Amino acid sequence: MYPNLETVRVGGFPTVLADRTELSSWIGDVCQSNPALPALVFSSNGQGIALYGQNPAYDAAMEAADVIHADGMPVVMASKWLTTASIRGRSATTDLFHDVAKVAQKRGLKFFVLGSTEEQNRKAVEQMKVLYPEVQIVGRRNGYFSDAENAEICAEIVASGADVLWVGLGKPKQEIWCLQNRAALAGVGVKKNLRWALCLFGWRRAARAGMDAEYGA
């Protein structure tokens with residue numbers, strides 16, 4: 001369905017060898033290919049590896065992912081020490097967001113941002129617009145909603161014309177939500193999980209923006 005990226009199994013997950021530049025370019029390519037279903041791009045780090053095998057719904061989501069990238073440096077090092085194929089670099093979501101935003105500016109891709117509190121969501125999107133004024137952010141919504149609202153939320157996201165949906169609901173909820181609602185989000189190019197304020201701006205920028213960073217990616 002999507003262009004293949006070479007992988008190596010680390011901590012139970014088939015993790016792509018691609019670095020941030022390669023991965024952000026792949027995301028752009030997928031969005032512009034108009035996929036029938038959105039690609040699922042999830043991250044692997046110590047927390048995610050520890051969760052694997054503990055929650056069947058999370059396991060199913062990770063197994064359905066089109067890309068799992070190395071968010072944590074220990075994942076990169078494990079690939080060097082324990083396998084015959086080395087991951088070419090850490091793709092921390094903190095940094096990857098900026099790479100994808102730069103690709104979005106060049107290719108005219110549109111973002112929708114879902115997750116966190118209303119205040120954090122609003123402030124994060126405001127800072128996105130400052131940092132990347134040419135990126136079209138076509139919608140946003142906080143992460144406090146019930147399962148009964150999923151259909152409405154998905155319809156809103158699809159109607160927005162978003163190419164990349166950034167989902168910040170915390171592990172393992174965000175991965176499970178993405179898989180459960182994948183079909184309802186047909187028309188979106190890529191769904192990417194994120195670590196909320198940390199993902200968007202890093203610790204220092206998050207602090208300067210007055211945002212409370214949340215854990216979990």
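Helices, of at least four residues, and strands, of at least two, are runs assigned by DSSP and numbered from the N terminus. In this predicted model, Gly72 lies in the loop between strand E4 (67-70) and helix H4 (73-82).

**Two buried loop residues**

Gly72 has a relative accessible area of 10% and is buried, because buried means under 20% relative accessible area. Leaving aside its neighbours within four places in sequence, Gly72 is in contact with Ser44, Asn45 and Arg90. The C-alpha atoms of Gly72 and Ser91 are separated by 7.8 Å, although these two residues are 19 residues apart along the chain.

Another loop, the one between H8 and strand E8 (190-193), holds Arg182, which counts as buried at 13% relative accessibility. The side chain of Arg182 reaches the backbone oxygen of Pro38 at 2.9 Å. When neighbours within four places in sequence are left aside, the residues in contact with Arg182 include Tyr2, Leu37, Pro38, Asp66 and Lys191.

**The nonpolar cores**

In soluble globular proteins, nonpolar side chains tend to be buried together. The largest nonpolar core here has 28 residues, and those that touch the most other members are Trp26, Ile27, Phe97, Phe111, Val135, Ile137 and Val190. Two or more residues each come from helix H1 (20-32), strand E3 (39-44), helix H5 (93-107), strand E5 (110-115), helix H6 (118-131) and strand E7 (164-168). Of these elements, H5 gives the most to this core, with six residues. Apart from this core lies another, of 23 residues, among them Ala65, Ile68, Leu114 and Ile153. Returning to one member of the largest core, Ile137 touches Phe111, Val113, Val125, Met128 and Lys129, not counting residues up to four places away in sequence.

**Helices H5 and H7**

H5 has 15 residues and spans 20 Å from its first C-alpha to its last, which is close to the 21 Å expected at 1.5 Å a residue. Its buried residues include Thr93, Leu96, Phe97, Val100 and Val103.

In helix H7 (residues 150-160), the buried residues are Asn150, Ile153, Cys154, Ile157 and Ser160. Seen down the axis of H7, these buried residues fall within an arc of 125°, so they line one face of the helix. The face turned away from this buried side carries the exposed residues Ala151 and Ala159. On the buried side, the residues of H7 pack against E5, strand E6 (136-141), E7 and helix H8 (173-180).

**A hairpin of two strands**

Strand E1 (residues 7-10) and strand E2 (residues 13-16) run antiparallel and are joined by four bridges, and within this pairing the bridge partner of Val10 is Phe13. The two strands form a hairpin with two residues between them. In a regular strand the side chains alternate between the two faces of the sheet. In E1, the covered face has Val8 and Val10, whereas the uncovered face has Thr7 and Arg9.

**Glycines with a positive phi**

The table brings together three glycines, each with its place and its phi angle.

| Residue | Place | Phi |
|---|---|---|
| Gly11 | in the turn of the E1 and E2 hairpin | about 60° |
| Gly108 | just after H5 | about 75° |
| Gly161 | just after H7 | about 80° |

Terms used
Residues are numbered from 1 along each chain as its sequence is written. This is a predicted model: local features need pLDDT of at least 70, side-chain atom pairs count only at pLDDT 80 or more; totals for chains, interfaces and linings use all residues. Side-chain values use heavy atoms; hydrogens and water are left out. A nonpolar core is a set of buried Ala, Val, Leu, Ile, Met, Phe, Trp, Tyr and Cys residues joined through side-chain atoms within 4.5 Å. Buried means under 20% relative accessible area, exposed over 50%, partly exposed in between (1.4 Å probe, protein chains only). Contact means heavy atoms within 4.5 Å. The arc is that of the directions from the helix axis to the C-beta atoms. Two strands pair if DSSP finds at least two bridges between them. The expected span of a helix is 1.5 Å times one less than its number of residues. A polar contact is a pair of N or O atoms within 3.5 Å; within protein, one must be able to donate a hydrogen and the other to accept it, and residues adjacent in sequence count only if both atoms are side-chain atoms.
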